[in-house]
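Biologist: I'd like to go through this one slowly, asking what each word rests on. Could you show it to me?

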Amino acid sequence: MSVILNIADYAGALWILIGATVIDLTIVGVAFKDFLSKGEKSEEEKKD
Amino acid sequence: MQTLLVYKESYSELTKASLAVLRNPDATMQWYIIPILLIFIYIVSKELSEGHVQAVLAGAALWLVDIWNEIWNSYICAVSGHAPVWGTPPGSVEGVGLAGQSSAFDILIGYNIEISFMFFIMGIASCLMLPKDKKAKILGINNRVFFALVMTTLCVCVECFLNYANVLTWEWSFWQRSCPWVLWIIGYLPFFSAAYYTYDRPTVKKSFKTVGCLAALDIVGIIVGICLNWI
């Protein structure tokens, strides 16, 4: 159905993709760092 | 309303078909979008009236991260001169066997009004299902991480089905059903990460700040896109 091309053939598009990916993964990193921060225990762990 | 994306002969047939209806309500608007708008207003009003302000802000966060992705998707279409990474072309594109469905309003090259409402509501819903204790563990991992992974996986499955049904088109080799992990990491994990992070901010004010940062990112992206005719 579609013409499948490799984005590496398009330098500008590749750089946009890399930049966008960095920003998206930064969002994931900031959030997961908060989710997985040490030193705080769950309510169940506190009861134990 | 005029499209800013400049028409290029090198665009794929699907992209050309999408451009024909991009921000063109004269050709696409349908009545069903009005009840959807009212359902959206009802959901947001109900959650706010019940004090779930951070759930609504989390919905906004997910929605804004999606808009960010939609903006760079438009950039890639314009810069490559080939196609967006994902597209939502109108039905009945000659020679490509698309289903007959069309959006009521295409906002960007791969982004329509239905997707917009859907992501905002999904952000709210995905937070309401979270345990109250943000540190609680499920199967040995933090529940926020667990839900982000599960919701991301479910969404990628739905995306693959939409692509299979030809209402969501993928024309780049790295963004295909054969390599769903790319969609998983770039496409959806940031959405739920941002939503849950916003939801868990210690105060509503901090949640607002998070949403403000994401909105600023989108505004800059839109301004750049308009200036360069990339959206």
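Modeller: Let's fix one word before we look: buried means under 20% relative accessible area, exposed over 50%, and partly exposed in between, with a 1.4 Å probe and protein chains only. As for the ground rules, this is a predicted model in which local features need pLDDT of at least 70 and side-chain atom pairs count only at pLDDT 80 or more, while totals for chains, interfaces and linings use all residues. Residues are numbered from 1 along each chain as its sequence is written, chains are lettered from A and ligands numbered from 1 in the order in which they are written, and side-chain values use heavy atoms, leaving out hydrogens and water.

Biologist: Okay, why is Arg23(B) called buried?

Modeller: Its relative accessible area is 12%, and buried means under 20%, so the word fits. Arg23(B) sits in the loop between α1 (13-21) and α2 (25-28) of chain B; helices (H or I, at least four residues) and strands (E, at least two) are DSSP runs, numbered from the N terminus. Its phi is near 45 degrees, a positive value in a residue other than glycine.

Biologist: And what makes Asn229(B) partly exposed?

Modeller: Asn229(B) comes out at 31%, and partly exposed covers what lies between the two cut-offs, so that's its label. You'll find Asn229(B) in the segment after α8 of chain B, with a positive phi of about 60 degrees although it isn't a glycine.

Biologist: Why is Ser102(B) called partly exposed?

Modeller: Its value is 32%, in between again, so partly exposed it is. Ser102(B) belongs to the loop between β1 (86-87) and β2 (106-108) of chain B.

Biologist: Which residues is Ser102(B) in contact with, leaving aside neighbours within four places in sequence?

Modeller: Gln30(B), Tyr32(B), Pro90(B) and Gly91(B). Contact means heavy atoms within 4.5 Å.

Biologist: Now the two chains. How do you know that Arg201(B) and Asp34(A) meet in a salt bridge?

Modeller: The rule wants a side-chain nitrogen of Lys or Arg within 4 Å of a carboxyl oxygen of Asp or Glu. Here the N to O distance is 3.4 Å, so the pair qualifies. Across the interface of chain A and chain B, the rule finds one salt bridge.

Biologist: Which elements give two or more residues to chain A's side?

Modeller: They're α1 (11-35) and α2 (43-47) of chain A, and the largest share, 16 residues, comes from α1(A).

Biologist: What do chain A and chain B bury between them?

Modeller: About 3000 Å², 74% of it on carbon and sulfur atoms. Buried area is the accessible area (1.4 Å probe) that two parts lose on being put together, summed over both. In contact terms, 32 residues of chain A touch 40 residues of chain B.

Biologist: Last one: what makes something a nonpolar core?

Modeller: It's a set of buried Ala, Val, Leu, Ile, Met, Phe, Trp, Tyr and Cys residues joined through side-chain atoms within 4.5 Å. The largest one has 71 residues, of which Trp72(B), Trp175(B), Phe192(B) and Tyr196(B) touch the most other members. Its largest share, 15 residues, comes from α4(B). Apart from that core lies another, of seven residues, among them Tyr11(B), Leu22(B), Cys77(B) and Ile109(B).
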